[in-house]
Amino acid sequence: QVQLVESGGGLVQPGGALRLSCAASVSVFSTRTMAWYRQAPGKQRELVASITGGGNTNYADSVKGRFTISRDKAKKTVYLQMNSLQLEDTAIYSCHQLGTTYWGQGTQVTVSS
């Protein structure tokens, strides 16, 4: 059983920044593609960013240039650096190991003035 534990969410003003972390419990993390998803109230869950075992990244158009996904294999952790946050970035952010049923519990990000 793989456990994914997110942290780093919170309340931030528009234009601010947050860094989310997702720590995995097992070493298989290093070869799997990891992704961050988000779900805003009343909306469908959407893919925000993903990173392969080799470090290739992919981003939703809405966050390109503002968000950066990265991973530290030694720490079995994937990060999402979120800069220039906007009101519409408010959502619950969850990490997911693609190709599996493993999801984190989610962390709330609220952008508000």
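**Strand pairing, disulfide and side-chain contacts**

Strand β2 and strand β10 (residues 107-111) pair in the parallel sense, over three bridges. Strands here are DSSP runs of E with at least two residues, as helices are runs of H or I with at least four, and both are numbered from the N terminus. Two strands count as paired if DSSP finds at least two bridges between them. The model is predicted: local features need pLDDT of at least 70, side-chain atom pairs count only at pLDDT 80 or more, and totals for chains, interfaces and linings use all residues. Residues are numbered from 1 along each chain as its sequence is written, and side-chain values use heavy atoms, with hydrogens and water left out.

In the β2-β10 pairing, V12 stands opposite V111 of β10. Both strands belong to an open sheet of six strands. Its order is β2-β10-β9-β4-β5-β6, and the pairing is mixed. The edges are β2 (10-12) and β6 (57-59), each of which pairs on one side only. Neighbouring strands of the sheet are turned by 25° against each other on average, direction ignored. The underlying axes are lines fitted to C-alpha atoms (for helices, over the stretch in contact), and angles run from 0 to 180 degrees between N-to-C directions.

Strand β9 has β10 and β4 beside it in the sheet order. With β10 the pairing is antiparallel, over three bridges. Here the bridge partner of I92 is Q108, in β10. With strand β4 (residues 34-39) the pairing is also antiparallel, over six bridges. The bridge partner of W36 in β9 is C95. Six of the seven residues of β9 are buried, so this strand is largely enclosed by the rest of the structure. Buried denotes under 20% relative accessible area, exposed over 50%, and partly exposed the range in between, with a 1.4 Å probe and protein chains only.

C95 also takes part in a disulfide, with C22 as the other half. The S to S distance is 2.0 Å. The criterion is a pair of cysteine sulfur atoms within 2.5 Å, and the count by this rule comes to one. The torsion about the S-S bond of C22 and C95 is about 60°, so the disulfide is right-handed. C22 lies in strand β3 (residues 18-24) and C95 in strand β9 (residues 91-97), so the bond ties together parts that are 73 residues apart in sequence. Both cysteines, C22 and C95, are buried.

R45 is placed over two rings. Its charged end sits over the ring of W103, at 3.8 Å from the centre. R45 also lies over the face of Y37, where the distance to the ring centre is 5.9 Å. The criterion for a charge over a ring is NZ of Lys or CZ of Arg within 6 Å of the ring centre and within 35 degrees of the ring normal. Aromatic pairs were searched for over the whole structure, and one was found. Rings of Phe, Tyr and Trp (its six-membered ring) pair if their centres lie within 6.5 Å; planes under 30 degrees apart are stacked, over 60 edge-to-face, and the rest tilted.

T90 lies in the loop between β8 (77-82) and β9. Its side chain makes two polar contacts with backbone atoms. A polar atom of the T90 side chain lies 3.0 Å from the backbone oxygen of L87. The T90 side chain also reaches the backbone nitrogen of V111, at 2.9 Å. A polar contact is a pair of N or O atoms within 3.5 Å; within protein, one must be able to donate a hydrogen and the other to accept it, and residues adjacent in sequence count only if both atoms are side-chain atoms.

D72 lies in strand β7. Its relative accessible area is 24%, so D72 is partly exposed. The D72 side chain reaches the backbone nitrogen of K75 at 3.1 Å. A polar atom of this side chain also lies 3.1 Å from the backbone nitrogen of A74. D72 and N58 are 14 residues apart in sequence and 17 Å apart in space, C-alpha to C-alpha.

Backbone torsions complete the account. Most residues other than glycine have a negative phi. K76 has a positive phi, near 50°. This residue, K76, is in the loop between β7 (67-72) and β8, and counts as partly exposed at 26% relative accessibility. S84 likewise has a positive phi near 50°. S84 is in the loop between β8 and β9, and is partly exposed, with a relative accessible area of 41%.
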